[in-house]
Amino acid sequence: MSEKTIMVVDDVASNRMLLRMVLEEEYTIIECESGIECLESVQKNKPDIILLDIKMPKMTGYEVCTKLRAQEVTSTLPIIFVSAMDDVEEYLTGFEVGCNEYITKPIQTMKILETVKKLMSV
C-alpha cells in the first residue's frame, strides 16, 4: 500500500465501496458519506486527492469544491468529480468551481486509475 491517500466522497455506500476496491491496493482510502463530513475530515486527514460526487444531500460536490478551493490548505488539492451527470453544463460547472478532472459514472476502472496516477505525479 502506498503512503498516498485518497478521500472518496459519495453518499451512496456501493459507489464508495467500488472506488475502494479499485484503489485500495495502491492507496490508503478515507471514505466520507457527505460533503460536510469531507470538509471536517480533510482538516484532520489531508488526502493527496479527493474523488468527489456532485449530487449529494445537504451540500453538493460543487459547494464542497468551492469551499475547499477557498481554504489555503486545500486550495491546490487535486479534486476529481466522479458523477453520473454527464452533460456539457455539468462538466463546465465542475471546472468553473475548481475540479482538476471530471469522470462520469458508471466507473471505468482504468480511467480512474490513470487519472489518479496522473494527478498524483503532478
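Buried means under 20% relative accessible area, exposed over 50%, and partly exposed in between, with a 1.4 Å probe and protein chains only. Keep that cut-off in mind for the helices below.

This is a predicted model: local features need pLDDT of at least 70, side-chain atom pairs count only at pLDDT 80 or more, and totals for chains, interfaces and linings use all residues. Residues are numbered from 1 along each chain as its sequence is written, and side-chain values use heavy atoms, with hydrogens and water left out.

**Whole chain**

Start with everything shown as a cartoon. The protein has five helices and five strands. Helices (H or I, at least four residues) and strands (E, at least two) are DSSP runs, numbered from the N terminus. Along the sequence the pattern reads β-α-β-α-β-α-β-α-β-α.

Turn the model along its principal axes. The C-alpha atoms fill a box of roughly 35 × 30 × 30 Å. The radius of gyration is 13 Å, which agrees with the value near 14 Å for a compact globule of 122 residues. That radius is taken over C-alpha atoms, and the globule rule is 2.2 Å times the number of residues to the power 0.38.

Color by burial next. Buried residues are 48% of the 122. Switch on the surface: about 6600 Å² is exposed, and carbon and sulfur atoms supply 52% of it. Accessible areas come from the Shrake-Rupley method with a 1.4 Å probe; for residues, only the protein chains shown count as cover.

Now the contacts, meaning heavy atoms within 4.5 Å. Of those with a separation of 6 or more, 58% join residues 24 or more positions apart.

**Strands E1 and E2**

Select residues 5-9 and 28-32. These are E1 and E2, paired in the parallel sense over five bridges. Two strands pair if DSSP finds at least two bridges between them. Zoom in on Thr5: its bridge partner in E2 is Thr28.

Add residues 13-23, helix H1. E1, H1 and E2 form a right-handed β-α-β unit. To check the hand, point the strands away from you: the crossover is right-handed if the path from the first strand over the helix to the second runs clockwise.

**Helix H1**

Show side chains on H1. Asn15, Arg16, Leu19, Val22 and Leu23 are buried. They cover an arc of only 125° around the axis, so they sit on the same side of H1. The arc is that of the directions from the helix axis to the C-beta atoms. An α-helix has 3.6 residues a turn, so residues three or four places apart point the same way. The cover over the buried residues of H1 includes E1, E2, strand E3 (49-52) and helix H5 (109-120).

Pick Arg16. It is buried, with a relative accessible area of 10%. Leaving out residues up to four places away in sequence, Arg16 touches Val8, Asp10, Asp11, Glu31, Cys32 and Glu33.

**Helix H5**

Which helix holds Val116? Val116 is in H5. Val116 is buried, with a relative accessible area of 0%. Beyond neighbours within four places in sequence, Val116 contacts Ile6, Leu23, Tyr27, Ile49, Leu51 and Ile80. Draw a distance from Val116 to Pro106: they are 10 residues apart in sequence and 17 Å apart, C-alpha to C-alpha.

**Helix H4**

Finish at residues 88-97. Glu90, Gly94 and Val97 are buried in H4. Their arc is only 75° around the axis, which puts them on the same side of H4. Covering them are, among others, helix H3 (61-70), strand E4 (79-83) and strand E5 (101-104). Flip to the face turned away from the buried side: Val88, Glu89 and Glu96 are exposed there.
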